[in-house]
Amino acid sequence: MIKTLSLIFLAHLITVQMLGQEGVTVAVVYNSTLQESKSVAEHYSKSRNVPENNLIGLPLSKNHTISRDEFTKTLEQPLLKALTKKKMLDGNTGTIRYLLLCWGVPFRVDKDNSIKPPAGIPEPLQRNEASVDSELALIPQLNEEIERTGVISNPAFNANNPNSISPKNGLLMVARLDGPSPALAKSLVDRAIAAEKKGLWGRAYIDLRGINSGPLKSGEERLRQVAEIISRSGFTTVIDNKPTTMPVGFPGDQIAFYAGWYGINVEGLFAEETVDFASGAIAYHLHSYNGSMIRDAYSRWIGPFINKGATATFGSVFEPYLELTPNQPLFFARIIQNGFTFAEAGYAATPALSWQTVFVGDPLYRPFGKTPKEVESNLIKTESNDIEWFRLLAINQGLKGGAPKEAAISHIEQLKESAKSSILQEKLGELYADTAQKLKAENAFKNAINLSKSIKQKQRINSAIKKLNP
C-alpha cells in the first residue's frame with residue numbers, strides 16, 4: 001500500500017532536468033565607480049561559472065534613479081556596444097539569454113516630460129518612467145523602431161517553452177542581485193545554489209484581503225489561484241482571509257512561499273525581528289511601489305524580504321496598475337510545475353516591458369530542476385532531515401488528488417521517518433483530528449511539540465490542541 005500511495009502522491013509533480021552549466025548564457029553588469037558593485041559581479045561569476053568575458057563594468061550614477069537621457073547615454077548604448085563587441089549579442093542573436101545587474105546599478109528611469117506619447121494611447125499609459133531592468137530587456141529590439149512612450153507588449157508572455165524566451169524572439173531576461181547591502185546581494189546567489197542542492201522545503205502562506213467584489217477582486221482571485229497551484233504541488237498552504245496583513249505573532253514558520261497584498265511598507269509577520277524563511281524562499285507582496293526602495297532594509301517589501309532571508313522576489317518601481325503586474329499564478333506555475341528558472345518564470349508571467357517590473361534574485365535559480373526520484377535518492381544518500389518534507393509533499397499531493405485521509409494516516413504511521421519528525425507528527429495530528437480521533441490527535445500533536453525546535457510551530461500546534469478541547 002505504501003508503494004502505491006507514493007506513486008499517486010508523486011504523480012502530479014512535473015519537473016525538468018537541470019540544463020547543466022548555464023553561466024555562459026549570463027552577461028553580468030556592474031557599476032565600475034563602485035568597488036562593491038564589482039565585488040558582487042565577481043562573486044556571482046565565480047559562483048555560477050560565468051566566463052570573465054561576460055562581465056561588463058560601466059561608469060554609472062550612484063543614484064537609484066536616473067534620467068531618460070542618462071539611461072540612454074551611460075547605460076543602454078554603452079551596454080549594447082559592449083555586448084556586441086564581446087560577441088554576446090548581435091541584434092537578436094548571440095550567446096546570452098540573461099542579463100544580471102549588480103548592486104550599485106540604478107534601478108529606476110525617471111519621467112521625461114519632453115517625450116510626447118503618440119496618439120491613441122490611453123491617458124493612464126502615457127508614461128515613460130520605468131524600471132531600468134524592464135527597459136534593458138528590450139535590447140534585442142533596439143535595431144527596430146520602438147518608442148519608449150509607455151507599455152510595450154512582452155513577446156514571451158505566457159510562454160510554455162523556456163527556450164523561446166530569448167533574444168531571438170526579442171527579449172533579454174533581466175534580473176538583479178540587489179538589496180540593502182552588497183553582502184545581502186551576494187547572498188542571493190548563495191541561497192539559490194544551496195536550495196538547488198538541498199531542495200526548497202517548507203510551507204506556503206497566502207495573505208488575502210477577503211475581497212469578493214469590486215475592481216480589486218481580480219487581484220484577490222490571482223492570489224487564490226496561486227494558493228491552488230502551490231497546494232496541488234504538495235506544499236502545505238496556509239490562507240489568511242482577513243482584511244489586514246498577517247499580524248505580528250502569526251505562526252508562520254519554514255516559509256518557502258509567500259504571496260500577499262496590500263500594505264505599502266513591510267508590516268506584521270514580516271516586520272518581526274527574525275522571519276523563518278526557508279532556504280531558497282520566494283516571496284512576493286503586491287503593492288504599486290513594493291520595489292521602489294530596493295536598498296532599504298525596512299521600507300516597502302523587496303529590501304525587507306531580502307534582509308530577512310528570502311532568496312527571490314519581484315515588484316514594481318513605479319505605479320504599474322494591477323493588470324500590468326506580473327501574473328502571479330503564471331509565475332508560480334512555471335517555476336514550480338514546469339521547472340523554469342526564476343527569470344524564465346518571471347518573464348513568462350510579465351505582460352509588459354518598458355514598464356515597472358524588477359526581478360531581484362539569481363536569474364538562474366531553478367529550485368525544481370530535478371525529478372522526484374532524484375530528489376528522494378539524494379535525500380536518502382545524504383541522510384538529510386529534509387526527507388520529512390519530501391514525505392509530507394507526497395502525502396499532501398495524494399490528499400489533494402483525492403486519496404482517503406485514512407490511507408494517508410496508515411501511510412504516515414508506517415514511514416520510518418515519522419517517529420522522529422515534528423513535521424509528520426503534526427500532519428498526523430491534523431489527520432486524526434479530521435477523522436474524529438481526538439485522543440490520537442492530542443498524542444500526535446504533543447509528540448510534534450516535543451520534537452520541534454520551532455517556536456512558531458509549537459505555537460501553531462498548541463492552538464490546534466486548544467481547538468480539540470474548546
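Helices α12 and α13 are roughly antiparallel to each other, since their axes cross at over 145°, the cut-off for that label (under 35° counts as roughly parallel, 65 to 115° as roughly perpendicular and the rest as oblique). The model here is predicted, so local features need pLDDT of at least 70 and side-chain atom pairs count only at pLDDT 80 or more, while totals for chains, interfaces and linings use all residues. Residues are numbered from 1 along each chain as its sequence is written, and side-chain values use heavy atoms, with hydrogens and water left out.

**The helix pair**

In numbers, α12 (residues 405-414) and α13 (residues 422-434) have axes that come within 10 Å and cross at roughly 150°. Those axes are lines fitted to C-alpha atoms over the stretch in contact, with angles from 0 to 180 degrees between N-to-C directions. Helices here are DSSP runs of H or I with at least four residues, strands are E runs of at least two, and both are numbered from the N terminus. The crossing of α12 past α13 is left-handed (the near helix is turned anticlockwise from the far one by less than a right angle; clockwise would be right-handed). On the α12 side, K405, A408, I409, I412 and E413 make the contact, and they meet L424, K427, L428, L431, Y432 and D434 of α13 (contact means heavy atoms within 4.5 Å). Sorted by class, that is 7 nonpolar, no polar and 4 charged residues (Ala, Val, Leu, Ile, Met, Phe, Trp, Tyr, Cys and Pro are nonpolar, Asp, Glu, Lys and Arg charged, and the others, Gly among them, polar).

Another helix, α15 (residues 455-468), holds K467. The C-alpha atom of K467 is 9.6 Å from that of A433, and the two residues are 34 apart along the chain. K467 is exposed, at 71% relative accessible area (buried is under 20%, exposed over 50%, partly exposed in between, with a 1.4 Å probe and protein chains only).

**Strands**

Now for β6 (residues 98-102): 5 of its 5 residues are buried, so the strand is largely enclosed by the rest of the structure. Y98, L100 and C102 cover one side and L99 and L101 the other, all of them buried. Two strands count as paired if DSSP finds at least two bridges between them. β6 runs parallel to β1 (residues 26-31), with 4 bridges, and V29 has L101 as its bridge partner. With β10 (residues 173-177), β6 pairs in the parallel sense over 5 bridges, and L99 is matched to V174 there.

Elsewhere, an open sheet of 3 strands runs in the order β3-β7-β8, with mixed pairing. β3 (65-66) and β8 (130-131) stand at the edges with a single partner strand each, so one side of each has no neighbour in the sheet. β7 (residues 108-109) and β8 run antiparallel and are joined by 2 bridges; R108 has S131 as its bridge partner.

**Backbone oddities**

W261 and Y262 are joined by a cis peptide bond, with omega about 25°. Y262 sits in the loop between β13 (255-260) and β14 (277-285). Two residues that are not glycine have a positive phi:

| Residue | Phi | Loop | Relative accessibility |
|---|---|---|---|
| N49 | about 55° | between α2 (35-48) and β2 (55-58) | 48%, partly exposed |
| Q254 | near 45° | between β12 (237-240) and β13 | 21%, partly exposed |
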